[in-house]
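Dear colleague,

Please find the sequence and coordinates for your review below. I would be grateful if you could look at them alongside the notes that follow.

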Amino acid sequence: MSKEKESVLAGFKAFLMRGNVIDLAVAVVIGAAFTNVVNSLIKGIINPVVGAFGTQDLDQYSSCLQSPCLTNETGEVVKGIPIMWGTVLSAVLTFLITAAVVYFLMVLPMSKYLARRARQQAAKEEVQEVMDVSELEVLKEIRDALIAQRVPGQAAAPGQNPQSHP
């Protein structure tokens, strides 16, 4: 096998082993299962509620653009131009329900969690910064005290090099 083929296979293996690809595969599988849940919700709850005002199958709602709309026994249109707005309404409802469930059950809790985690991280960094500043001040005081002990009667000014004294 040539080096080019080996590098292509190595690159493909690296691509597959990255976490993003695995996460995407899991998302697709969960999305497919979630689609079944949403479709069941539409068929089991939404359609019967709509059915209280008309037909339970939203796909049956239509208007005729060119009258009269006639269909044969198999449901195929043989005359007229039907506008199947019930199908569009069904798709829009499915999308809205899916978007609402994803937002309220996945996106919103995750964003709250990430915001809380960011606040905790910021608080830790702030505490660390205060500790660093206070440690620096203590070290400066220790330095000044040591300088004052080495040169009796002369206290070194803060930040002054003790070697500069005669």
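The notes below cover a strand hairpin and two surface patches.

Please bear in mind that this is a predicted model.

The hairpin is built from strand E1, residues 63–71, and strand E2, residues 77–83. The two strands pair in the antiparallel sense, and five bridges join them. One pairing to inspect is that of Gln66, whose bridge partner in E2 is Ile81. Five residues lie between the strands of this hairpin, and Gly75 adopts a positive phi near 95°.

Ile81 also belongs to a nonpolar surface patch, together with Leu65, Ile83, Trp85 and Leu89. The area of this patch is about 450 Å². At least two of its residues come from E2, and at least two come from helix H3, which spans 85–150. Leu65, by contrast, is located in strand E1. Is Leu65 buried or exposed? Leu65 is classed as exposed because its relative accessibility is 61%, and the cut-off for that class is over 50%.

The second patch is negative and consists of Glu125, Glu126, Glu129, Asp132 and Glu135. Of these residues, Asp132 can be placed in helix H3. Its relative accessible area is 37%, so Asp132 is partly exposed; this class covers values between the 20% limit for buried residues and the 50% limit for exposed ones.

To recapitulate, helix H3 contributes to the nonpolar patch and also holds Asp132, a member of the negative patch.

Yours sincerely

Notes:
Residues numbered from 1 in each chain as written. Predicted model: local features only at pLDDT ≥ 70, side-chain atom pairs only at ≥ 80, totals over all residues. Heavy atoms only, no water. Pairing = 2+ DSSP bridges. Helix = DSSP H or I, 4+ residues; strand = E, 2+ residues; numbered from the N terminus. Patch = residues over 30% accessible without salt bridge, like charges linked within 9 Å, V, L, I, M, F, W, Y side chains within 5 Å. Areas by Shrake-Rupley, 256 points an atom, 1.4 Å probe, with all protein chains shown as cover. Salt bridge = Lys/Arg side-chain N within 4 Å of Asp/Glu carboxyl O. Buried < 20%, exposed > 50% of the residue type's maximum accessible area, 1.4 Å probe, protein only. Lys, Arg positive; Asp, Glu negative; His and termini not counted. Charge placed at Lys NZ, Arg CZ, Asp CG, Glu CD.
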